[in-house]
Amino acid sequence: AAKGRFAFVFRRPGFGRVEAVDPIGRTAFLVLFRGDRAWFVLPGKKVYAEDAAPVMMGRFLGIDLLPDEILPLLSGLWAGAGTESGWTVERDERGRAVRCAREGFFFTVREFFPGGGVPRRIEFEGAETTGRLKVLALAFNPAPADAAFDVSFLRAYAPKTWDGILEILDR
C-alpha cells in the first residue's frame, strides 16, 4: 500500500494536472492532460512519457477516463450519467451521488463536505486497483491558470516509453 499527497486541477475541455508530492514537498511526478493526450513526467529525472489521455489515466487511477469524466466525480454532479456515458449512479435519499460504476470499476463516496453533495472521502476499486481519496480543499471556477497545463517545458526533457519510465521508477 502506498500513501501520498496529490494536488490536482481539472478544467473543461480536457485539461488536467495531477502532481504527486514526496514527504519533503518535492514533486515526485506529475501527469498533464491536454485534450486527448497526456504526459507522465518525472521532473527529478527530466524525462516523460506521452500517451492517449485515457490510457495515462488508466495507468494512474486504474480505469481509462478522460479528465472531463473526473470533474463530475469531484464536484458531485453526475447529471450526464446514464446509458450513453456508460456510468450507473446510485443516489442517497438527498439525491447525492453515492456510488458510480462503469465496466467493473466503482467510485463510492464515504463522506461529503458539510452542507452539500460534494464528495470529501472517495473510495475506488476495480479489477487491478483499489484506493481512497480524501479531498482536503476544493476551489470551483478558479481563475484560469493556463500555465498549469503548459507542456512546452518538456522540450528540455527526454522522451521515454512507458516501459522506460517504469524502469526508472524501479531503480
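**Note on the predicted model**

1. R59 is partly exposed, with a relative accessible area of 32%; the classes used here are buried for under 20% relative accessible area, exposed for over 50% and partly exposed in between, with a 1.4 Å probe and protein chains only. R59 forms a salt bridge with D51, and the closest N and O atoms are 3.0 Å apart. D51 is also partly exposed, at 22% relative accessibility. A salt bridge here is a side-chain nitrogen of Lys or Arg within 4 Å of a carboxyl oxygen of Asp or Glu.

2. On the basis of the values: this is a predicted model, in which local features need pLDDT of at least 70 and side-chain atom pairs count only at pLDDT 80 or more, while totals for chains, interfaces and linings use all residues. Residues are numbered from 1 along each chain as its sequence is written, and side-chain values use heavy atoms, with hydrogens and water left out.

3. An open sheet contains six strands in the order β1-β2-β3-β4-β5-β11, with mixed pairing. β1 (5-11) and β11 (158-159) are at the edges with a single partner strand each, so each has one side without a neighbour in the sheet. Strands (E, at least two residues) and helices (H or I, at least four) are DSSP runs, numbered from the N terminus. Two strands are paired if DSSP finds at least two bridges between them.

4. Strands β2 (residues 15-21) and β3 (residues 27-34) pair in the antiparallel sense over seven bridges. One bridge in this pair sets E19 against L30 in β3. β3 also runs antiparallel to β4, to which five bridges join it, and R34 has R37 in β4 as its bridge partner. The β3-β4 hairpin has two residues between the strands, and G35 in the turn has a positive phi of about 65°.

5. β4 is largely enclosed by the rest of the structure, because five of its six residues are buried. Six bridges join β4 to β5 in an antiparallel arrangement, with W39 opposite E50 in β5. Four residues separate the strands of this hairpin, in which K46 takes a positive phi near 55°.

6. Which strands does helix α2 lie across? Helix α2 (residues 67-75) crosses β1, β2 and β3, and runs at about 110° to β1. Helix α3 (residues 162-170) packs on the sheet and touches β4 (37-42) and β5 (47-52), its direction making about 25° with that of β4. Contact means heavy atoms within 4.5 Å, and the angles, from 0 to 180 degrees, are between N-to-C directions of axes fitted to C-alpha atoms, for helices over the stretch in contact.

7. Helix α1 (residues 53-61) has A53, M56, M57, G58 and L61 as its buried residues. G62, just after α1, takes a positive phi of about 100°.

8. The whole structure has eleven salt bridges. One of them joins R102 to E69, with the closest N and O atoms 2.5 Å apart. R102 is in strand β7 (residues 97-102) and E69 is in helix α2, so the pair ties together parts 33 residues apart in sequence. R102 is buried at 10% relative accessible area, whereas E69 is partly exposed at 21%. R102 also meets E103 in a salt bridge (3.8 Å, N to O), and E103 is exposed at 72%. Shared partners join E69, R102 and E103 into one network.

9. T108 is in strand β8 (residues 105-112) and is buried, at 9% relative accessibility. Its side chain makes a polar contact of 2.8 Å with the side chain of R99. A polar contact is a pair of N or O atoms within 3.5 Å; within protein, one must be able to donate a hydrogen and the other to accept it, and residues adjacent in sequence count only if both atoms are side-chain atoms. Beyond its neighbours within four places in sequence, T108 is in contact with V98, R99, R121, I122 and E123.

10. The count of aromatic pairs is ten. F107 and F124 form a tilted pair, 6.4 Å centre to centre with 55° between the planes. F107 is in strand β8 and F124 in strand β9 (residues 119-125), 17 residues apart. Both are buried, F107 at 3% and F124 at 13%. F153 and Y157 form an edge-to-face pair, 5.3 Å centre to centre with 85° between the planes. F6, F29, F40 and W162 form one aromatic cluster. Rings of Phe, Tyr and Trp (its six-membered ring) pair if their centres lie within 6.5 Å; planes under 30 degrees apart count as stacked, over 60 as edge-to-face and the rest as tilted.
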